[in-house]
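Biologist: Please take a close look at the backbone in the loops for me. Then work outward from there to whatever surrounds them, and keep it informal.

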Amino acid sequence: MTVTDTVGGAVGALPRELLVFEGARQIRDGDCVIAGTGLPLLAGLVAQRTHAPSARLLIESGVVFPKVVPTPLSVVDPRIMHAPSKLGSLIESLGGFVQRGLVSTGFLGGAQIDARANINSTWIERGTGRVRLPGSGGANDIASHCATIVILTSHEKRRFPERCDYVTSPGFLDGPGARRRAGLNPVRVKVVTDLCVMEGDDTVGELTVTALMPGATVEDVLAHTGFTPRIADTLGVVAAPAPGQLALLRDVLDPESRYFPERLKNGTAHE
Amino acid sequence: MAVGVHQLLTTPQVLTAAEAVERFVEPGAVLGLGGQNINRCPMALVHEVVRQRIGELTVVGCNLSLPLDFLVAAGLVVRTEQGSGNLEKFGTLFSWRRAVEANRIAVRDYSHLSMASRFLAGAMGLPFMPVRSLLGSSVLDRLVAEDDAVVTPDPWSGEPVVLVRACTPDVSLIHANLADTDGNVVIDGVTSHEIDMVRASRHVIVSVEEVLPAGAFDGQPERVTISGAYVSAVVAQPWGAWPTSVYRKYDYYEPEIDGYQKGAKAGDEGPRAFLAGSVESHPDFDAYLAATDPEGSARTAMAEQMRSLL
């Protein structure tokens, strides 16, 4: 990776930093957002400090509305337990808030995301063997109950199969109406990668490419996706961060680059 | 343990880790593990289970982490039931992963909420709990196939709900900030799945940073997180969660967690060498602490780091 790969000038955002800013844009002011550590939490913090000062964060371990200090490596890190409304329990966060319906937006990751936005974080078939992953954690609960799911991920072909080997967390399941038939409420899904933005809802039941990352092409997306996504008629381009936002992310939210080792490698550590 | 069976309340005892584990952890037990990821894991108590080589365990919990990996690496686990096996930024549970992939241990997956709901059922003497998670997922397919979950209509609305069985550990191990000699426990910070797991368990061993005299909370009983009614044994073990954190006491110690994980990622040899050198070779947890941090400087630094974050 070189500095010229980046967006917004010679010291612009790195590709994974752009995921954070595009992730932040999915949060509206007033939303209640559940996020794990890493890029999702950073997206939530960027949103709170820019366009969504009233957005509230929830952490699955039981931390209700924290004022996060840099830089938590875990959902039970003391840095994520800072100045909250309440330090509760898993059942309070995932039952009392998420299943109860008080959380509008959930951020998730996964080893596989398929054409119908289902997520696998449990088992992957690899040749004759199977690779064991950590499992659901709170992900299934979040995907089952939040109205909007946002996934921030690198764009690799094996990460985007036609169909997940195992559905840990439900997207649109088998297609339009499938969530309803299973007993789940509808969901909107937005997948933000280093190549593009894909989104969908239950009425279509599959992901559509709606925007490209700066410099990426539809051909790049198709070459690195294991299924053939729908392509929107008009494609947007993901915007660079507004002035000052890169400094917010780099100097305030993750000043030691715990989640961006690539910053240190290519010498763009500070704006 | 069956759900809702009459059980006489016992009087909590203050014991050493070795005494408590010998008395309450039996081979073949369903063992509940407290803590989550890098916070308040019952390390001293798990060291003792490894030292006493109590095996054939079924380990249950929500986010199982380092303590499970130690028990798996020691060959003491036959089955796990969990929400996840994970150390987030520090990677997955490598010994557990290899054992599961090789079919050396059986595994039953839940979501965190469905697993926590199983403990809630057990805590209330109910045979099962409904959840609206899991619907439509492969997690549910497997549980239904194993007769561990049932999808049924809500009797009133007709909407589908998932019933998951109560989980009632034979014995649970947790580490907490404080307890008095009557077993009343104070946990600072998040409580993850622990309160319900403890209340669902037949026996409970709580190691704590500090044991206070009986009546210590008489003036402020609302400070008590878990009543001594549920506790079998209290173990005084300062730094008993090390190298994981205890909120308000000390931060997690990254170098030791990282070091273990690097070794565990490379293969089974790393964890075996760690257990031989840092657990089995010591008579107790204090000896491990003295060997791993002879001057106490790492512990002092992590206590200072925690204070700076409060």
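Modeller: Start with A:Thr71, which sits in the loop between β3 (63-64) and β4 (86-87) of chain A. The peptide bond leading into this residue, from A:Pro70 to A:Thr71, is cis, with omega near -25°. Keep in mind that this is a predicted model.

The two strands on either side of that loop both belong to an open sheet of 10 strands in chain A, with mixed pairing and the order β4-β3-β2-β1-β5-β10-β11-β12-β13-β14. Strands β4 and β14 (230-237) of chain A have a single partner each, so one side of each has no neighbour in the sheet and they form the edges. Further in, β1 (residues 32-34) and β2 (residues 56-59) of chain A run parallel and are joined by three bridges. One residue pair to click on there is A:Val33, whose bridge partner in β2(A) is A:Leu57.

Zooming out on chain A for a moment, you get eight helices and 14 strands. The radius of gyration is 18 Å, close to the 18 Å of the globule rule for 271 residues, so chain A is as compact as a globular protein of that length. Its C-alpha trace spans about 50 × 45 × 40 Å along the principal axes. Buried residues account for 55% of the 271 residues of chain A. Take the contacts in chain A between residues at least 6 apart in sequence: 64% of them join residues at least 24 apart.

Now the loops of chain B. A second cis peptide bond runs from B:Trp242 to B:Pro243, with omega near 10°. B:Pro243 is in the loop between β12 (233-236) and α8 (254-266) of chain B.

Then there are the positive phi values. B:Glu56 isn't a glycine, yet its phi is positive, near 60°. This residue is placed in the loop between α2 (43-52) and β3 (57-64) of chain B. It has 12 other C-beta atoms within 10 Å, which is why B:Glu56 counts as exposed. B:Ser192, also not a glycine, has a positive phi of about 45°. Its loop joins β10 (185-186) and α7 (194-200) of chain B. B:Ser192 is buried because it has 31 C-beta neighbours inside 10 Å, where 20 or more is the cut-off.

The loop of B:Glu56 follows α2(B), so to speak, and that helix has a partner worth rotating into view. The axes of α1 (residues 17-24) and α2 of chain B come within 9 Å and cross at roughly 65°, and the crossing is right-handed. On the α1(B) side, B:Ala17, B:Ala18, B:Val21 and B:Glu22 make the contact, and they meet B:Ala44, B:Leu45, B:Glu48, B:Val49 and B:Gln52 of α2(B). By class that contact comes to six nonpolar residues, one polar and two charged.

There's one more positive phi: B:Asp147, near 60°, comes after helix α6(B). In α6 (residues 138-145) of chain B, the buried residues are B:Ser138, B:Val139, B:Leu140 and B:Leu143. Their cover includes β5 (106-109), β7 (149-153) and β8 (160-165) of chain B, and also α4 of chain A.

Two of those covering strands sit in an open three-stranded sheet of chain B, antiparallel, in the order β6-β8-β7. Its edges are β6 (128-131) and β7 of chain B, each pairing on one side only. On average, neighbouring strands in this sheet are turned by 30° against each other, direction ignored. β7(B) and β8(B) pair antiparallel over five bridges, and B:Val150 has B:Leu163 of β8(B) as its bridge partner. α6(B) packs on the sheet, touching β7 and β8 of chain B, at about 105° to the direction of β7(B). Helix α5 (residues 112-123) of chain B lies across β6 and β8 of chain B, at about 145° to β6(B).

Finally, the interface. In total, 46 residues of chain A contact 45 residues of chain B. On the chain A side, the elements giving two or more residues are α3 (90-99), β9 (129-132), α4 (139-145) and α5 (178-182). α3(A) gives the most, with five residues. That side of chain A has 20 nonpolar, 20 polar and six charged residues.

Terms used:
Residues numbered from 1 in each chain as written. Chains lettered and ligands numbered in written order. Predicted model: local features only at pLDDT ≥ 70, side-chain atom pairs only at ≥ 80, totals over all residues. Helix = DSSP H or I, 4+ residues; strand = E, 2+ residues; numbered from the N terminus. Rg over C-alpha atoms; globule rule 2.2 N^0.38 Å. Contact = placed C-beta atoms within 7 Å. Nonpolar A, V, L, I, M, F, W, Y, C, P; charged D, E, K, R; others polar. Pairing = 2+ DSSP bridges. Axes fitted to C-alpha atoms, helices over the stretch in contact; angles between N-to-C directions. Left-handed = near helix turned anticlockwise from the far one by under 90°.
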